[in-house]
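User: I would like to go through this model and ask what lies behind each label. Please set the values against the cut-offs.

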Amino acid sequence: MLALSLYNALSRKKEIFVPINKKQVGLYTCGPTVYNFAHIGNLRTYLFEDFLRRVLEYNNYKVKHIMNITDVGHLTGDMDMGEDKMEKGAQREGKSAWEIAELYTEAFKQDTRRLNILDPSSYHKVTDNIPEQIALISKLEKKGYTYKTKDGIYFDTSKVKNYNKLSHLPLETLREGARVEKNPEKRNPTDFALWKFSPLDSKRQMEWDSPWGVGFPGWHIECSAISLKYLSKNLDIHCGGADHINIHHTNEIAQSESATGKKFFNYWLHGAFLNISGGKKMAKSEDGFLTLNSALIKKGLNPLVYRFAASQVNYRKPMEYGENNLRQAEQGLNKLWEQVAALGSKKGNINSEFQVKFLTAVNDDLNIPKALAVLAAVLKSNLIAADKLATALDFDKVFGFDLKNAASYINSVVKSSDLPASIQKLSQERLIARKNKDWAESDNLRNKIQAAGYLVEDTANGQELKKI
Ligand code: AMP
Ligand code: ZN
């Protein structure tokens with residue numbers, strides 16, 4: 001079956017994807033909050049969204065991909081209480097909130113590009129779309145969905161039919177979840193802020209005039225305003241991490257559908273978490289916060305190793321972080337690059353039988369792990385090298401492993417006589433340590449050699465050194 005099917009959180013089923021407009025698919029992905037680096041958990045979600053975008057394009061859809069940049073007014077608690085994350089980040093680093101936003105927006109773009117994640121068609125800063133958010137809140141106000149408390153304008157969730165249509169949780173459970181940070185003036189625990197007032201006793205760095213007073217938008221309104229503005233005719237697919245289902249996306253749907261009277265996005269897709277030990281999700285505010293830099297680059301791993309690791313786990317299944325997992329992924333990706341580089345550069349033909357298998361895998365709700373198995377089968381098959389290459393490069397439109405440049409990633413073995421004398425000495429010492437079964441010393445010497453710029457591999461031919 002070749003039609004693209006996607007698991008839709010609204011129906012909790014895999015559904016055949018049918019776009020509103022055949023010529024162009026609208027894809028909205030909730031963007032980063034730019035008060036710190038993205039962690040590799042966040043990046044897992046952006047990788048899943050990138051595989052989705054690439055699979056849509058592989059199916060010949062033109063994709064209009066919109067992403068917001070949350071550069072304001074997102075409080076530390078999901079329920080509109082707590083400190084402002086941007087101002088907190090600014091304090092931490094002795095910069096202005098605007099500078100912090102700029103800095104981490106650029107860091108985000110650098111990280112995603114290093115992972116070969118395609119840039120969206122356009123990014124939209126929340127601070128560039130304040131009038132649109134105010135207009136949407138005014139619309140909700142006119143229709144009677146809002147009320148005012150001491151600290152802001154709130155959305156009355158009791159006025160919405162099927163408030164739980166995305167989460168499928170009993171309203172009681174949603175209310176319990178929302179009760180953690182209670183605001184006594186809220187009419188219902190699940191009600192949320194559309195507009196927050198600036199405190200009377202201090203001036204915020206980021207604040208705007210509005211019909212309700214000086215303040216800043218609540219968190220959820222940004223994604224509704226930005227997606228309705230840029231994707232009004234293509235409300236096809238909306239994505240984020242699984243933590244967005246019960247609050248953020250639920251509230252986006254409630255306010256958007258109340259304002260427009262129309263369905264807001266047909267397909268809702270969510271990526272499962274990257275967990276640290278013990279099934280705990282990686283979070284920005286806790287220990288175990290690992291960035292692309294700290295988890296990969298600083299350890300001498302190519303960022304694409306993380307892309308490869310993420311491709312091995314289905315996007316709806318949790319992924320476990322572990323240094324060993326990354327090392328294994330590194331071996332897998334290096335092997336793939338070596339195999340592809342060995343195919344040469346002659347032009348060949350894409351093998352249509354394998355292509356159908358590949359398309360069947362990726363179109364089955366993005367089964368990328370299965371698609372990898374199809375690639376492995378191509379490389380093992382008895383096709384001629386040029387056809388294997390053409391087929392692998394075709395699949396790489398979805399994988400994004402930069403297979404066309406595979407040869408440039410391969411570290412070649414350096415002949416012993418070409419090694420600097422100091423490295424020759426260390427490698428001799430390591431051979432002796434291994435002969436004496438002194439594994440601790442052997443590892444210690446491997447680290448020293450690596451620090452000097454050479455990878456050590458123990459192969460069937462003995463110890464081999466490759467320039468990093
Ligand atoms: P934030 O910058 O906090 O708004 O998060 C950016 C994206 O990362 C959102 O789509 C979140 O749902 C997602 N996310 C947050 N934590 C994790 C995690 N541990 N694993 C995967 N995705 C996550
Ligand atoms: Zn969002």
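User: What is the order of the open sheet of 3 strands, and what kind of pairing does it have?

Analyst: The order is S13-S12-S14, and the pairing is mixed. This is a predicted model, in which local features need pLDDT of at least 70, side-chain atom pairs count only at pLDDT 80 or more, and totals for chains, interfaces and linings use all residues. Residues are numbered from 1 along each chain as its sequence is written, chains are lettered from A and ligands numbered from 1 in the order in which they are written, and side-chain values use heavy atoms, with hydrogens and water left out.

User: What makes S12 and S13 a pair?

Analyst: Two strands pair if DSSP finds at least two bridges between them. Strand S12 (residues 274–276) is joined to S13 by 2 bridges, so they count as paired, and they run antiparallel. Asn275 stands opposite Lys281 in S13. Strands here are DSSP runs (E, at least two residues), as helices are (H or I, at least four), numbered from the N terminus.

User: How is the open sheet of 5 strands ordered, and which are its edge strands?

Analyst: The order is S5-S4-S3-S10-S11, with parallel pairing. Strand S5 (122–125) and strand S11 (267–271) are the edge strands, because each pairs on one side only. From one strand to the next the twist averages 25°, with axes fitted as lines to C-alpha atoms (for helices over the stretch in contact) and angles running from 0 to 180 degrees between N-to-C directions. Within this sheet, S3 (residues 24–29) and S4 (residues 62–69) are parallel over 6 bridges, and Gln24 stands opposite Lys62 in S4.

User: Which strands does helix H6 touch?

Analyst: Helix H6 (residues 221–230) packs on the sheet and touches S3, S4 and S5, where contact means heavy atoms within 4.5 Å. The direction of H6 makes about 150° with that of S4. Helix H1 (residues 40–58) lies across S3, S4, strand S10 (237–241) and S11, at about 155° to S10.

User: Why is Cys30 called buried?

Analyst: Buried means under 20% relative accessible area, exposed over 50%, and partly exposed in between (1.4 Å probe, protein chains only). Cys30 has 7% relative accessibility, so Cys30 counts as buried. Cys223, at 1%, therefore counts as buried too.

User: How many disulfides does a search of the whole structure find?

Analyst: The search finds 0 disulfides. The criterion is a pair of cysteine sulfur atoms within 2.5 Å.
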